[in-house]
Amino acid sequence: MTNTLTLTRPDDWHVHLRDGDALAAVVPHTAAQFARAIVMPNLKPPVTTTAQALAYGERILAALPIGSDFQPLMTLYLTDQTPADEISRAHEAGVVAVKLYPAGATTNSSAGVTDLRHTRAALEAMQRAGMPLLVHGEVTDPDIDLFDREAVFIDKHLVPLRKDFPELKIVFEHITTREAAQYVAQAGAHTAATITSHHLLFNRNALFLGGMRPHYYCLPVLKRELHRQALLNAVGSGSDRFFLGTDSAPHATHLKEHASGCAGCYTALSAMELYAQAFDSINALDKLEGFASFHGPDFYGLPRNTGKVTLKREAWTLPEELPLGQAGIKPLCGGETLAWQLAVD
Ligand code: NCD
Ligand code: ZN
């Protein structure tokens, strides 16, 4: 049995850090686990310009614990109006990627894209620049069952998008279904996917076990067991098309435990521990380093990290609740004992 696992320092290719007091509360957790992270732009108002992305990056750096060398990788929020020259400006300024939220798909997505045809000029500029498009892949049509929205998105939007922009780098974010895993595995070298720890560890029963459990509610919503198994197979295959993206999405406790609770699981505090648990469950700990530390930078065309981290099989109990500014936040699996613990060398 493996009890100690040393890995190249990992990165998180999809995280929500928010702003203000919430940013100050959560960024130390991500910075303790990861060398870099792709920071989602769904703030209020959204990060739609290069100037906003650079200013947000500065606020993240200012909120880091002293001595941290964590590097935020900034993204732009795509809208129907994003001009091609904003993409070029962003690329030249070091903004790493652009996020597509279908309007209304998830938290703070109301300014998102209503019709992909409106984004042609921006997508052409991204394809030319080699800038990845990060896709929240769910249709928003209220007639489509919530659990089918990702699979329908593939046929309705992703396949045509791939045909129109054959060289565009696309990351299908936080995939949750067998259909998505199969699509990405055969879509060619310009398509990849991130997978969260919670979609590897839980199926949709977790939402209802013993009563409604709002801390397990995220978008895309947890799916059936067969889909979880397909995601485990994808990461267990060692394919470089799949890499780590926590989708850690902090929401205050009172907004999760609410009649209309917010979508998002908070996993930043124990991200690598949760992934280790998932990989361990299928005897694939030897595949964790590729998934967490190599496949992401290779796809984005960024250098791999050089430092190391160590995961030890050492039980510890996650706190039930932490401060989030004036409010509190409950991490996923709070109060539970985890088998692995991360130490940064
Ligand atoms: C995210 C958030 O809260 O910003 N929520 C979530 O359930 N994952 C948005 C997102 O990534 O969909
Ligand atoms: Zn997200």
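Pro220 sits in the loop between helix H7 (197-201) and helix H8 (225-236). A cis peptide bond joins Leu219 to this proline, with omega at about -10 degrees. The model is predicted. This briefing covers its unusual backbone spots, its sheet, two helix pairs and a zinc site.

**Backbone exceptions**

- Most peptide bonds are trans, and most residues other than glycine have a negative phi.
- Besides the bond between Leu219 and Pro220, a cis peptide bond links Lys44 and Pro45, where omega is about -5 degrees.
- Pro45 belongs to the loop between strand E3 (36-39) and helix H2 (50-62).
- Asn108 is not a glycine, yet its phi is positive, at about 50 degrees.
- The loop that holds Asn108 runs between strand E5 (97-100) and helix H4 (120-129).

**The sheet**

- Strands of a sheet pair through backbone hydrogen bonds, in either the parallel or the antiparallel sense.
- Here eight strands make an open sheet, and their pairing is parallel. Their order is E2-E3-E4-E5-E6-E7-E8-E9.
- Which strands stand at the edges? They are E2 (12-15) and E9 (242-244). Each has a single partner strand, so one side of each lacks a neighbour in the sheet.
- From one strand to the next, the twist averages 30 degrees.
- Strand E7 (residues 170-172) pairs with strand E8 (residues 191-195) over three bridges, in the parallel sense.
- Phe172 stands opposite Ala193 of E8.
- Helix H5 (residues 149-164) packs on the sheet. H5 touches strand E6 (133-135), E7 and E8. The direction of H5 makes about 175 degrees with that of E7.

**Helices H10 and H11**

- Helix H10 (residues 271-281) packs against helix H11 (residues 288-300) at an angle of about 140 degrees. Their axes are 10 Å apart.
- That angle makes H10 oblique to H11.
- From H10, the contact uses Met272, Tyr275, Ala276 and Phe279. From H11, it uses Leu288, Phe291 and Ala292.
- How do the residues of this H10 and H11 contact divide into nonpolar, polar and charged? Seven are nonpolar, with no polar and no charged residues.

**Helices H6 and H8**

- Helix H6 (residues 178-186) packs with H8 at an angle of about 25 degrees, and their axes lie 8 Å apart.
- Angles under 35 degrees count as roughly parallel, and H6 and H8 are therefore roughly parallel to each other.
- On the H6 side, Arg178, Glu179 and Ala181 make the contact. They meet Leu226, His227, Ala230 and Ala234 of H8.
- The residues of this H6 and H8 contact divide into four nonpolar, one polar and two charged.

**The zinc site**

- Which residues are the protein donors of the zinc ion (ligand 2)? They are His14 (NE2), His16 (NE2) and Asp247 (OD), at 2.0 to 2.1 Å from the ion.
- Along the sequence, the donor residues of this zinc ion follow the spacing H-x1-H-x230-D.
- Why is the arrangement around the zinc ion irregular? The four donor atoms subtend angles of 92 to 141 degrees, and that makes it irregular. For four donors to count as tetrahedral, all angles must lie between 85 and 135 degrees.

Technical notes: Residues are numbered from 1 along each chain as its sequence is written. Chains are lettered from A and ligands numbered from 1 in the order in which they are written. This is a predicted model: local features need pLDDT of at least 70, side-chain atom pairs count only at pLDDT 80 or more; totals for chains, interfaces and linings use all residues. Side-chain values use heavy atoms; hydrogens and water are left out. Two strands pair if DSSP finds at least two bridges between them. Helices (H or I, at least four residues) and strands (E, at least two) are DSSP runs, numbered from the N terminus. Axes are lines fitted to C-alpha atoms, for helices over the stretch in contact, and angles run from 0 to 180 degrees between N-to-C directions. Contact means heavy atoms within 4.5 Å. Angles under 35 degrees count as roughly parallel, over 145 as roughly antiparallel, 65 to 115 as roughly perpendicular and the rest as oblique. Ala, Val, Leu, Ile, Met, Phe, Trp, Tyr, Cys and Pro count as nonpolar, Asp, Glu, Lys and Arg as charged, and the others, Gly among them, as polar. Donors are N, O and S atoms within 2.8 Å of the metal (3.2 Å for Na, K and Ca); water is not among the atoms, so sites may look incomplete. Four donors count as tetrahedral if all angles lie between 85 and 135 degrees; four count as square planar and six as octahedral if opposite donors are over 155 degrees apart and all others between 65 and 115; anything else is irregular.
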